[in-house]
2 protein chains.
Amino acid sequence: MEIAIPLYDRFTALDAVGPYEVLWRLPGARVRWVGAEARPYATDRGLQLIAEATLDDVPAPDILVVPGGTGTRDALGDERLVEWIRAADATSTWTTSVCTGALLLGAAGILDGLHATTHWAYMDDLARYGAEATSDRVVRQGKVITSAGVSSGIDMALTLAAEIAGADVAQAIQLRIEYDPMPPFDTGSTAKAPAHIRELAQSPSPTPA
Amino acid sequence: MEIAIPLYDRFTALDAVGPYEVLWRLPGARVRWVGAEARPYATDRGLQLIAEATLDDVPAPDILVVPGGTGTRDALGDERLVEWIRAADATSTWTTSVCTGALLLGAAGILDGLHATTHWAYMDDLARYGAEATSDRVVRQGKVITSAGVSSGIDMALTLAAEIAGADVAQAIQLRIEYDPMPPFDTGSTAKAPAHIRELAQSPSPTPA
């Protein structure tokens, strides 16, 4: 079971690492970190992750996990990446995205006519790809699963793990990564955060990405 | 505000990336990824993150975040790393760990006489460092904060963000990373998971790390 996570400059680290930390624990899983080139890719604040293979090296993964990031806007103009996503989806068992990774699925024509989600600040962008924006945290449409901003990839991946390997294995993975979340505040969605927090989160500082 | 995250071979990616994704968004934050050498370090399943500086390059960070991983046991025997942690703690404002990173704090003598936590499978190991094992997800003792397994670093870092920059900024970061967790199961702690899931999570397969 080959799981491909394509990297591009200024992707968001947690978008990619959250699902990775769940999915590599599936029996028979092999995660492939790929990029236009096999080289390090910088996240949106300096940290670099290494794509150990090129997109061409992994043309037909079973599972596709597309992360978002501040670099998504530039990546949308990278025809090679978008075309690779389109081709990979044609033969994948599951096609998934985290955060603004959904926009890359959209650019590849995968979301046309589907319900989908992305980071709350980019929900309006989904319509241009023919998708119907949905505020659920994890949105499944057949083999396509999109999830909300950044941290939602953990929830998405556990949902996917249950589909692939059954609820027991998914629950064991959830316990293994001790995912019993206890956020100190209840402001993790726009529906829950008060207006002054929403405004602060939209300003360029202190949360630029 | 310099935030150092020391890497070692076979650390767990999410242990490090969860706090990173929160803390880099703090006003004035600069995250330093450090290692015994400035080179890529492999996580416990292949993915590589780059330490862009050596331990010696960052001798006195304001904040220390020590990740865990399957490589922790070997790292405990790395006197240079343990000594660096001890020295960094001597001048840090905050010293923190995720998962078995707590054992490295312990080896550095930082947990003696403190309440502390770690991954549920390693709680018994805390006693050898003079720490009192505590099953809370995030345990603060003065400037020392330890957190539970793998995913708990997100909760730890948001708690720390509030201490450093106030609740509004922490809440805005939580919204920015859309941390409104909705795990598909309620099996993320040993207190909640049924016996057969606990057994499955303890077996080498399907969740080897």
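**Strand S6 and helix H3 of chain B**

In strand S6 of chain B, the side chains alternate in direction: B:Ile63 and B:Val65 point one way, B:Leu64 and B:Val66 point the other way, and all are buried. The model under description is a predicted one.

S6(B) is paired with two further strands. With S1(B), S6(B) runs parallel, and two bridges join them. Within S6(B), B:Ile63 is the residue that stands opposite B:Ile3. The pairing of S6(B) with S7(B) is likewise in the parallel sense and extends over four bridges. Here B:Val66 has B:Ser97 of S7(B) as its bridge partner.

Helix H3 of chain B comprises 13 residues, 79-91. At 1.5 Å a residue, a span of 18 Å is expected for this helix, and the separation of 19 Å between its end C-alpha atoms agrees with that value. The buried residues of H3(B) are B:Leu81, B:Val82, B:Trp84, B:Ile85, B:Ala88 and B:Asp89. These residues lie on the same side of H3(B), because they cover an arc of only 155° around the axis. In an α-helix there are 3.6 residues a turn, so residues three or four places apart point the same way. On the other side of H3(B), B:Ala90 and B:Thr91 are exposed.

The buried residues of H3(B) pack against both strands and helices of chain B. The strands are S1 (2-6), S2 (30-35), S6 (63-66) and S7 (94-98), while the helices are H2 (72-75) and H4 (101-107). Strand S6(B) thus appears among the packing partners of H3(B), and S6(B) also pairs with S7(B).

Conventions. Residues numbered from 1 in each chain as written. Chains lettered and ligands numbered in written order. Predicted model: local features only at pLDDT ≥ 70, side-chain atom pairs only at ≥ 80, totals over all residues. Heavy atoms only, no water. Expected span 1.5 Å × (residues − 1). Buried < 20%, exposed > 50% of the residue type's maximum accessible area, 1.4 Å probe, protein only. Arc of directions from axis to C-beta. Contact = heavy atoms within 4.5 Å. Pairing = 2+ DSSP bridges.
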